[in-house]
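Here are a few exercises on a two-chain model. Grab your viewer and work through them at your own pace.

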2 protein chains.
Amino acid sequence: MFEAAEVGHKLDKAGYEKEVVRLREALLNAQYDLLELKHFPVLVLFAGIGGGGRSETTNRLNEWLDPRHLRTCAFGERDDRERERPAMWRYWRALPPKGRIGIFLNAWYDELLNARAAGRIDGGDLQRGVQEIRHFETMLADEGVLLVKVWFHLGRDEQRKRLKDLLDNPLTRWRVSEHDLAQLKLYGRFRDVAEQALRETSTAEAPWMVVEASDPRYRDATAGRLLLEATRERLDSRSSPVRPVSAAPVGSRRDNVQLLRELDLAKALEKKEYQKQLVKFQGRLAVLMRRKRFARRSMVVVFEGQDGAGKGASIRRITYALDARQYTVVPVAAPTDEERAQPYLWRFWRRLPGHGHVTIFDRSWYGRLLVERVEGLCSRSDWMRAYQEINDFEAQLLRHGTIVVKFWLQISKEEQLRRFRQREHTLFKRFKLTPEDWRNRKKWNAYEEAVADMIDRTSTEIAPWTLVESEDKYYGRVKILKTLAKTLADAL
Amino acid sequence: MFEAAEVGHKLDKAGYEKEVVRLREALLNAQYDLLELKHFPVLVLFAGIGGGGRSETTNRLNEWLDPRHLRTCAFGERDDRERERPAMWRYWRALPPKGRIGIFLNAWYDELLNARAAGRIDGGDLQRGVQEIRHFETMLADEGVLLVKVWFHLGRDEQRKRLKDLLDNPLTRWRVSEHDLAQLKLYGRFRDVAEQALRETSTAEAPWMVVEASDPRYRDATAGRLLLEATRERLDSRSSPVRPVSAAPVGSRRDNVQLLRELDLAKALEKKEYQKQLVKFQGRLAVLMRRKRFARRSMVVVFEGQDGAGKGASIRRITYALDARQYTVVPVAAPTDEERAQPYLWRFWRRLPGHGHVTIFDRSWYGRLLVERVEGLCSRSDWMRAYQEINDFEAQLLRHGTIVVKFWLQISKEEQLRRFRQREHTLFKRFKLTPEDWRNRKKWNAYEEAVADMIDRTSTEIAPWTLVESEDKYYGRVKILKTLAKTLADAL
């Protein structure tokens, strides 16, 4: 993989200057076209061997492009907030929106490869990491992100020479960090690990481009050209390539819908009993959330259900039990412009809780499989791939130690009508009822099918759905609190 | 101050239910009017004595209002990121945008008063804190934020009784925290401190409203009514009240402008000497930034100067010396919609660096005193009060230990023309030249006057401006690097 980058590519000063004039203009034009169209973002990943000059090339691109529309993110050691959330959180937060170019330094590859080369993780961990990266990058590509992955390569002797040159000059000695010197010792191991990882992550959507880094002029001009070519090609191709999705086998739909229809909606609780149980489980929940162990965990609760099923009221019964500092309720409506300029999971990633906290989503990423599917707001291939993407997302949460609880609140079509009518007649409840609610109601069957598929394909062992019979409000609320308290107790 | 809130206000169940129906409808209407107009945000501060029920009232408002447009922030212990930035940072981040209602629990008052009551700070600290709060709230009010400050009061016996009731019931015991019990002991001290602080922060723009909290129905209904009345009054008054600004004495303008005109723009450096000095000071800067002491400090660098004065190029000479993980360059252009919905300093607060980091602003909050003043983008009273607001802002940075360096890059009108012409003739520099640049040039004198006033009134002892003779690029860049290195060395 690296042989072609050890042949001694060079660019003389005259050739460089001639190329740069042309390149700068073309890059600027591409940048402005991108900005005007706002069809997709460009994410440049610079990775490679220490001393390869990622930082210098980044400076160069900041000079060549209009820096006002370019965002450079160099990732360092993780801080508290980053450690308290799944590993990919900090990268999600920094993704460039449509129309912009982002440059990532020391992102997911460097972190993984350095950990393996230094022996902090084993071969199995590396394998799993590579697999996660593949899924993540495939998802980004499917969401329209143009990934430009550039690997700066130096031969062992080149790396040694470069560091020595820097060290010998008192004016540049400070550029060499201890990490660089440590990496020099691990050169062979790092190279082997990198070669394997690069091979396995060089996909059709996001191929690696290896650049020989020993000559700065060649390196900078080549990196600039690669960025230009990738961006220009996508700009000119007009439509972004849609990958065909091989539909994973779906269980017989009738069976799935049956599961919902067979829920015993007659289950009910007397008011007295309800009040007793409510306080009991609120108390239990509050005590659990104050346990020391929870101070090192976090929780995500998802509420989905038909319009009028009682999501808001159920959420309030939970939050009454909690200290306001411990929770955030995120009501999910149509995405804002800022959110639309990002992959659809972005707005959920940014709201993930830190340690000791719970985020309650009133509607969630499952909108992709429900409203977006039924209303045709995304293509069939978009929601088909979402099953896998969502399972990946939740698996990351769970592996990180986040407790995930998902509720589907089910009511009958008749009960929904009764509640809509009631809302119409109560002044302060009218805001809860919109024309959209009536429209959705007409698509009851389509939604039912979507819900059934969703539950079938995302109720995993590790993050199962809890179906809540919500025809009787009291019964539903108590079941929710009880489930939460039990899940929390089991997890702590 | 609290006597009127110890008379035993109560609301019976029937009266409460009747009032709530009316109140909910009116609150929802006000909320939707606010949302539609987007003229101003509403910030509700709930503060008071422990056990007063701030949290319960917040839950109630979440039930009465449409929670999708309501944002509740309960502040707890500070985390790393918050500790690494000035005290007000976390509140700035959470401000509601125009059109929205935000509720803050445990915000600036609770923090300050608890610290004083517990003896962690002395009377002088309290006094300074109160003063800061006054400035901050005045600024918010001037920026159009509607502040609704509600103090929940309980008499000493009421507080004891309320906590006892909660403790006696095994189902509610968990609601009482150790902090509540500690506060009970400090009741007298807390009350005295609070009384003084409330009196001094009850301003015309943001008066306190004290609510007796012993009866939950009375408390919730009153808080709701206060929010409603304040919001409705502002909604119906159409124009927001503009306070007359008493212009602080401005020095003779001619003298100020003279200062700029007398800069010796003939200062220059030979290329050889430049290159030597450049590397020398880049090296010094890099070494300083890697010192352990800087890992507990942070730095903010401001670049202002005429179009074409060389801000971008100077910034690159700094960043070449730094590890990409240590710095962020923030190019400041016209505000986005999100930024326009907030006080003008908001977008700068959110970019403040953490420990070990530097943020370089390519143009800054001084835009208020330059482009916004000259182009008439804000009113005269807006930019007149900005001198004080900006000095307050920088004083907060400095008191927190942030190193602040401000550069004004000065060139002559002739040199600017020469550089514009050059940009026109270099393909890849053309993007740097916009019609706006030519327009600004026509207002050279107006800008000169604004700059002179700015330097006169914001070049404080603690955060002085460095005027940079930038006619000769080499000389200017070296002066900048040298100044930075010296300021940093002095500070560490």
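**Exercise 1. Find how many salt bridges count between chain A and chain B, and name the side chains that meet.**

Solution. Keep in mind that this is a predicted model. Start with the tally: the count between chain A and chain B is one salt bridge. Next, pin down the partners: B:Arg316 and A:Glu63 bring their side chains together in a salt bridge, at 3.9 Å from N to O. Then check the cut-off: a salt bridge needs the nitrogen within 4 Å of a carboxyl oxygen, so this pair counts.

**Exercise 2. Describe the contact between chain A and chain B by residues and by area.**

Solution. First, the residues: chain A puts in 49 and chain B puts in 48. Second, the area: about 4,300 Å² gets buried between the two chains, and carbon and sulfur atoms give 59% of that. Third, the big contributors in chain A: A:Trp174, A:Phe428 and A:Phe431 lose the most area to chain B, together 18% of what that side buries.

**Exercise 3. Sketch chain A by itself: what are its secondary structure, its span and its buried share?**

Solution. Begin with the elements: chain A has 21 helices and ten strands. Now the extent: its C-alpha trace spans about 85 × 50 × 40 Å along the principal axes. For burial, 55% of the 492 residues of chain A count as buried. Finally, look at contacts in chain A between residues at least 6 apart in sequence: 81% of them join residues at least 24 apart.

Conventions: Residues numbered from 1 in each chain as written. Chains lettered and ligands numbered in written order. Predicted model: local features only at pLDDT ≥ 70, side-chain atom pairs only at ≥ 80, totals over all residues. Heavy atoms only, no water. Helix = DSSP H or I, 4+ residues; strand = E, 2+ residues; numbered from the N terminus. Buried < 20%, exposed > 50% of the residue type's maximum accessible area, 1.4 Å probe, protein only. Contact = heavy atoms within 4.5 Å. Buried area = accessible area lost by both parts, 1.4 Å probe.
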